[in-house]
Amino acid sequence: MNEEYVKVVTQLGRPIPGQGLTTDPDNPQPYEKPPQFTSIHEASEFIFGNLIEEESYVQILQLMVDDMPIMDIVQTLLFTGFTEGKWSPDLMLMLAEPVAYMLLALAERAGIDPVLYRGEDEDEADEVALLGTKFEEEKIQGMKQFLKFGKVPAQTLTPEMIQTIEQLPVDDSLMAQEEEQQEEVPAQDTGSLLAPPAPTEEEMQ
């Protein structure tokens, strides 16, 4: 996964000038064909299914324990899928937010305090770069709020996804690594990302 991440990141950016003229029309690249998925729902289900496969699940958790930023992992997963012909560039960008919340929920299940983006601790990034574009600051702030208050938007994860995540096994060795990293950081009770939204004042009356 780390090797794949480095490879993908180095490939990001604009196509090489004239690259399209050298492509063999009889043997197009996967991303030059019609994409496998055109629906954000179907693509999200496909990504989620891959994320919870045992080998992928452990690797993803290890990356987050090692402080690999969530948005870097999102970028790797989505760009790899694009090069494999899974989705179009437009759908790739639309998938960024739901995939980020999938990773946040997996991190919560494993007891990991994830890094959202590079420079987060230093508060350096006003805008987060993602797949050659700027990921909206409003969405980043939304993720921070959901981390703080302990819930994920209902439209992001289906009830079936939530139930599946709650039943995923937790790797004790990964939890031990996370605890070691946080020994000097005071614990804060932020609730569960998978918990239902807290009732509003109107609902309580």
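Me: Buried means under 20% relative accessible area, exposed means over 50%, and partly exposed lies in between. This is a predicted model. Which of these words fits His41?
Reply: His41 lies in helix 2. Its relative accessible area is 48%. Exposed needs over 50% and buried needs under 20%. So with 48%, His41 counts as partly exposed.

Me: How far is the C-alpha atom of His41 from that of Thr156?
Reply: Along the chain, His41 and Thr156 are 115 residues apart. In space, their C-alpha atoms are separated by 9.8 Å.

Me: Is Ser44 buried or exposed?
Reply: Ser44, too, is found in helix 2. The cut-off for buried is under 20%. The relative accessible area of Ser44 is 9%, so Ser44 is buried.

Me: Which residue has its backbone oxygen 2.7 Å from a polar atom of the Ser44 side chain?
Reply: Leave aside neighbours within four places in sequence, and Ser44 is in contact with Leu95, Pro98, Met102 and Met161. The backbone oxygen in question lies 2.7 Å from the side chain's polar atom and belongs to Ile40.

Me: How many aromatic pairs does a search of the whole structure find?
Reply: Such a pair is described by the distance of the ring centres and the angle of the planes. Searching the whole structure gives a total of four.

Me: What kind of aromatic pair do Phe37 and Phe46 form?
Reply: Their centres are 4.9 Å apart, with 40° between the planes. Under 30 degrees would be stacked, and over 60 would be edge-to-face. The pair of Phe37 and Phe46 is therefore neither, and counts as tilted.

Me: What kind of aromatic pair do Phe46 and Trp87 form?
Reply: Here the centres lie 6.3 Å apart. The planes meet at 70°. Over 60 degrees is the cut-off, so the pair is edge-to-face.

Me: How many residues apart are Phe46 and Trp87?
Reply: Phe46 sits in helix 2, residues 40-51. Trp87 sits in the loop between helix 4 (70-83) and helix 5 (89-109). The pair links distant parts of the chain, with a separation of 41 residues.

Me: Phe37, Phe46 and Trp87 form one aromatic cluster. Which of them is partly exposed?
Reply: Phe37 has a relative accessible area of 10%, so it is buried. Trp87 has 4%, so it is buried as well. With 26%, the partly exposed residue is Phe46.

Me: What distance separates the end C-alpha atoms of helix 5?
Reply: Helix 5 has 21 residues. At 1.5 Å a residue, its expected span is 30 Å. The distance between its end C-alpha atoms agrees, because it is 30 Å.

Me: At which residue does helix 5 bend by about 40°?
Reply: A proline, Pro98, follows the bend within four residues. The bend itself is at Ala96.

Me: Which residue just after helix 5 takes a positive phi?
Reply: The phi angle there is about 75°. The residue is Gly111.

Me: How many helices and strands does the protein chain have?
Reply: From the N terminus, the elements run α-α-α-α-α-β-β-α-α-α-α. The strands thus sit between runs of helices. The total comes to nine helices and two strands.

Key
Residues are numbered from 1 along each chain as its sequence is written. This is a predicted model: local features need pLDDT of at least 70, side-chain atom pairs count only at pLDDT 80 or more; totals for chains, interfaces and linings use all residues. Side-chain values use heavy atoms; hydrogens and water are left out. Rings of Phe, Tyr and Trp (its six-membered ring) pair if their centres lie within 6.5 Å; planes under 30 degrees apart count as stacked, over 60 as edge-to-face and the rest as tilted. Buried means under 20% relative accessible area, exposed over 50%, partly exposed in between (1.4 Å probe, protein chains only). The expected span of a helix is 1.5 Å times one less than its number of residues. The bend at a residue is the angle between axes fitted to the seven residues ending there and the seven starting there. A polar contact is a pair of N or O atoms within 3.5 Å; within protein, one must be able to donate a hydrogen and the other to accept it, and residues adjacent in sequence count only if both atoms are side-chain atoms. Contact means heavy atoms within 4.5 Å.
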